[in-house]
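Visitor: I am new to this one. Could you show it to me and let me ask how each label is earned?

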2 protein chains.
Amino acid sequence: MPSNRARGFSHERDLVRKIWDQGLAVIRAPASGSKAKKTMYPDIVAIYKGKVVVIEAKTIKRAKTIYLEPYQVEKLLEFAKRASGESYIAVKVVGTGEWIFVSASKVERTHGGKYRLPKELLREGIKFDAFMSIIKGVRKLSEYTDT
Amino acid sequence: MPSNRARGFSHERDLVRKIWDQGLAVIRAPASGSKAKKTMYPDIVAIYKGKVVVIEAKTIKRAKTIYLEPYQVEKLLEFAKRASGESYIAVKVVGTGEWIFVSASKVERTHGGKYRLPKELLREGIKFDAFMSIIKGVRKLSEYTDT
């Protein structure tokens, strides 16, 4: 049976393919374990006509609060800043089969110095089709979220 | 002793680090052998404030005409088109220790259906510092090339 880690990569590859099939340019970072990724690469970078979106991908079995290591959030924000792009956490809840996208600006810092994405935010997250519409500029983010 | 392939990856990682150190966002594709790369990923994607540059990297021992497989050129052009970016072949001539950048638009199609980058073009290629200046918008490409 594949490990959780291997399953995570497989879901990530599927997401990359879905994004590519929508007409975007998209690239996945090398599998982690490589030092390079730990220091600077986001999991996925998608580009549509000069609009850049950087993504940290997470796979979970059922909806729950997600904790992220500082380097995972910081590399995402740093990469997005350099690229003048937007950053998102993409969460696949395996049970539902859906990807949910949450702006990285909504991630909260914990007392312990980690970051967390509260379970409630997953419910308010953006689904794949809406996410694509936002990136392609067909719809605005404000049509989907309150903030 | 490392294989040519391993040496190529090592040079590619060094290039990624040099580009990152210049303040750009940059991501390297997973090592080839993965099917995904064969179908769509360029070797390197560098982004500076929304300006996207996609790169196919080659390492050669001494200056010579380089032959590229159709998929290597086509994935580069397709990715650049989707991203509204520019595409380059980056060539490291190991003997000189330098990276030379040549616009992918200069690559020629051979009778056999492959693509080639004539040796003469390497001499006219752009060096690393000039390439960075062009991407950052400090200097124009026309200052470095005739066409």
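Guide: What follows is a short tour in questions and replies. Keep in mind that this is a predicted model.

Visitor: Which residues count as touching between chain B and chain A, and how many are there?

Guide: The test for contact is heavy atoms within 4.5 Å. By that test, 24 residues of chain B are in contact with 24 residues of chain A.

Visitor: How much area do the two chains bury between them?

Guide: About 2400 Å². Carbon and sulfur atoms carry 69% of it. On the side of chain B, B:Trp20, B:Ile27 and B:Arg82 supply 30% of the area buried against chain A, more than any other three residues.

Visitor: Which elements of chain B give two or more residues to that side?

Guide: Helices α1 (4–21) and α3 (70–83), and strands β1 (25–28) and β2 (44–48), all of chain B. The residues on this side divide into 17 nonpolar, three polar and four charged.

Visitor: How many salt bridges and polar contacts are counted across the interface?

Guide: A salt bridge needs a side-chain nitrogen of Lys or Arg within 4 Å of a carboxyl oxygen of Asp or Glu. The count between chain B and chain A is zero. Polar contacts do turn up: eight residue pairs, both at pLDDT 80 or more.

Visitor: Why is B:Arg82 called buried?

Guide: Buried means under 20% relative accessible area. B:Arg82 has 16%, so the label fits. B:Arg82 lies in helix α3 of chain B. Leaving aside neighbours within four places in sequence, B:Arg82 is in contact with A:Trp20, A:Gly23, A:Leu24, A:Ala25, A:Ile47, A:Tyr48 and A:Lys49.

Visitor: What makes β1(B) and β2(B) a pair?

Guide: Pairing takes at least two bridges. These strands have four, in the antiparallel sense. B:Arg28 stands opposite B:Ile44 in β2(B).

Visitor: Which way do the residues of β1(B) point?

Guide: B:Ala25 and B:Ile27 point one way, B:Val26 and B:Arg28 the other. All are buried.

Visitor: Why is helix α5 of chain A called largely enclosed?

Guide: Seven of its eight residues (128–135) are buried, so the rest of the structure largely encloses it. The buried residues are A:Phe128, A:Ala130, A:Phe131, A:Met132, A:Ser133, A:Ile134 and A:Ile135.

Visitor: What do those buried residues of α5(A) pack against?

Guide: Helix α1 (4–21) and strands β2 (44–48), β3 (51–60), β5 (86–93), β6 (98–103) and β9 (126–127), all of chain A. Just after α5(A), A:Gly137 takes a positive phi of about 80°.

Notes: Residues numbered from 1 in each chain as written. Chains lettered and ligands numbered in written order. Predicted model: local features only at pLDDT ≥ 70, side-chain atom pairs only at ≥ 80, totals over all residues. Heavy atoms only, no water. Buried area = accessible area lost by both parts, 1.4 Å probe. Polar contact = N/O pair within 3.5 Å; in protein donor to acceptor, adjacent residues only side chain to side chain. Nonpolar A, V, L, I, M, F, W, Y, C, P; charged D, E, K, R; others polar. Buried < 20%, exposed > 50% of the residue type's maximum accessible area, 1.4 Å probe, protein only.
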